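Here are a few exercises to work through with the model open beside you. Try each task before reading its solution.

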Amino acid sequence: MSSDEEAGLGFVQILNHEGVVVGEPDPTLTNDLLVRMMQDMVKARVFDEWMLKIHPLGMASRYAPCEGQEASMIGSVYSTSSNDWLFPTYREYPVALARGVPLTEIMHRMFANSKDPLKGHEITLFGDRRYRIVIGAGGVSLMAPVAVGMAMASVMKSERDVFFVYLGDGATSKGDFHEAINWAGVFKTPVVFFVQNNQWAISVPFSRQTASQTIAVKAKAYGIPGVRVDGNDVMAVYTACRKAVDRARNRQGPTLVEAVTYRMGPHTTADDPTRYRSEEEVAEWRRRDPVKRIRNYLSRNGLWSENLEKQLTEDFKKTLRQATEEAEKTPPLKPTSIFEDVYSSLPWHLAEEMDELS
Ligand SMILES: Cc1ncc(C[n+]2csc(CCOP(=O)(O)OP(=O)(O)O)c2C)c(N)n1
Ligand SMILES: [Mg+2]
């Protein structure tokens, strides 16, 4: 590692834009694993297109697209083991899919119907204890201190789980991020802070987010390693996260990983990015497409083909359509469910409101 890389000022790449290996991939990165990651990246993109298509039809509530961030999302989740706890934001549906959450469960959630286990609460987020995915709170970075607390509890219980927190560039400006990372550094808690720097926090560009040169460099102030990787390079993301996860599991403490990437689509289905960023900027990042890069590498090595991708896409679209139809025909939540699962016993003024609504 160069001194810049060590200081969190580098830009670690393993697969360059032409799909040529220029760095040292983690030894566990086999061809088989790469192909599985590619499959999940393609699925992420198809899922994204599907959600953006059905949303205007009134079929699903608000959706936060992931196009452009597939390598960051899939590379990171593959670095964890199924026992590790994930703390995704509203954007990481591909992470849940890669963890094995069935599409039907995700669609019930998107439709907020009567089979949505979270009963319409925090609608853009997903969580389920069975998959060790902790549902977030609407406020960005709020889950970082929660993850540190859970990590401390798990150390006290002599468990070996790792707590993997997803954050955006914007979330690093919140106090919770700094409190969490400071505490994690002091107590060497098994946490990975994974920041996808997708250049924008809604309409706020990275240049207005911080005066720091990078996000990874902030790690130095907390006495922990910080590494900045090409977030559109699935090999680099996996390799850096794998190292961070191993460090955490071996009780060597937390790591801050910054994945430099780009949100190709709108912030959410309620946003119009043409109002704050240029077409040239978007076109520039389109050239760095993370899916195209790994596709090139795999195809050149005889591990992937156009036909394979076409078949995968068609099959996955079929599953998507079935899951959507199932969610659509499931009855809606009853209106009074809004009063459930917030208080253990309903305060009198809410009880009155519920009676009135009933
Ligand atoms: C504490 C807090 N402030 C403001 C918001 C409104 N908000 C929702 S998403 C978002 C942008 C977050 O940007 P970033 O952390 O970069 O994540 P990205 O959406 O780019 O993935 C903001 C400001 C919020 N949810 N929470
Ligand atoms: Mg962002």
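**Exercise 1.** Work out whether S158 is buried, partly exposed or exposed.

Solution. Start with the rule: a residue is buried if 20 or more other C-beta atoms lie within 10 Å of its own, exposed if 12 or fewer, and partly exposed in between, with C-beta atoms placed from the backbone. S158 has 6 C-beta neighbours inside 10 Å, so S158 counts as exposed. As for its place, S158 sits in the loop between α6 and β2 (163–168). Helices (H or I, at least four residues) and strands (E, at least two) are DSSP runs, numbered from the N terminus.

Before going on, some housekeeping: this is a predicted model, where local features need pLDDT of at least 70, side-chain atom pairs count only at pLDDT 80 or more, and totals for chains, interfaces and linings use all residues. Residues are numbered from 1 along each chain as its sequence is written, while chains are lettered from A and ligands numbered from 1 in the order in which they are written.

**Exercise 2.** Look up phi for S158 and for K119, then place K119 on the burial scale.

Solution. Recall that most residues other than glycine have a negative phi. S158 goes the other way, with a positive phi near 60°. K119, also not a glycine, has a positive phi of about 50°. K119 lies in the loop between α5 and α6. Its count is 18 C-beta neighbours inside 10 Å, so K119 is partly exposed.

**Exercise 3.** Describe how α6 and α7 pack, and find which residues meet.

Solution. First the geometry: α6 (residues 143–156) and α7 (residues 175–187) pack at about 20°, with axes 8 Å apart. Axes are lines fitted to C-alpha atoms, for helices over the stretch in contact, and angles run from 0 to 180 degrees between N-to-C directions. Under 35 degrees counts as roughly parallel, over 145 as roughly antiparallel, 65 to 115 as roughly perpendicular and the rest as oblique. The pair α6 and α7 is therefore roughly parallel.

Next, the contacts (C-beta atoms, placed from the backbone, within 7 Å): A144, P145, A147, V148 and M152 in α6 meet D176, F177, E179, A180, W183, A184 and F187 in α7. By class that gives ten nonpolar, no polar and two charged residues. Here Ala, Val, Leu, Ile, Met, Phe, Trp, Tyr, Cys and Pro count as nonpolar, Asp, Glu, Lys and Arg as charged, and the others, Gly among them, as polar.

Finally, zoom in on A147 in α6. With 26 C-beta neighbours inside 10 Å, A147 is buried. Leaving out residues up to four places away in sequence, A147 touches F87, F163, V165, A180 and V191.

**Exercise 4.** Do the same for α5 and α11.

Solution. Helix α5 (residues 103–111) packs on α11 (residues 306–329) at about 45°, axes 8 Å apart. These two helices are therefore oblique to each other. L103, T104, M107, H108, M110 and F111 in α5 meet T319, L320, A323, T324, E326, A327 and E328 in α11. The class tally is seven nonpolar, four polar and two charged residues.

**Exercise 5.** Is P65 buried or exposed, and which residues does P65 touch?

Solution. P65 is in the loop between α2 (31–54) and α3 (70–78). There are 22 other C-beta atoms within 10 Å, so P65 is buried. Not counting residues up to four places away in sequence, P65 touches D48, L52, G265 and P266.

Notes. Contact = placed C-beta atoms within 7 Å.
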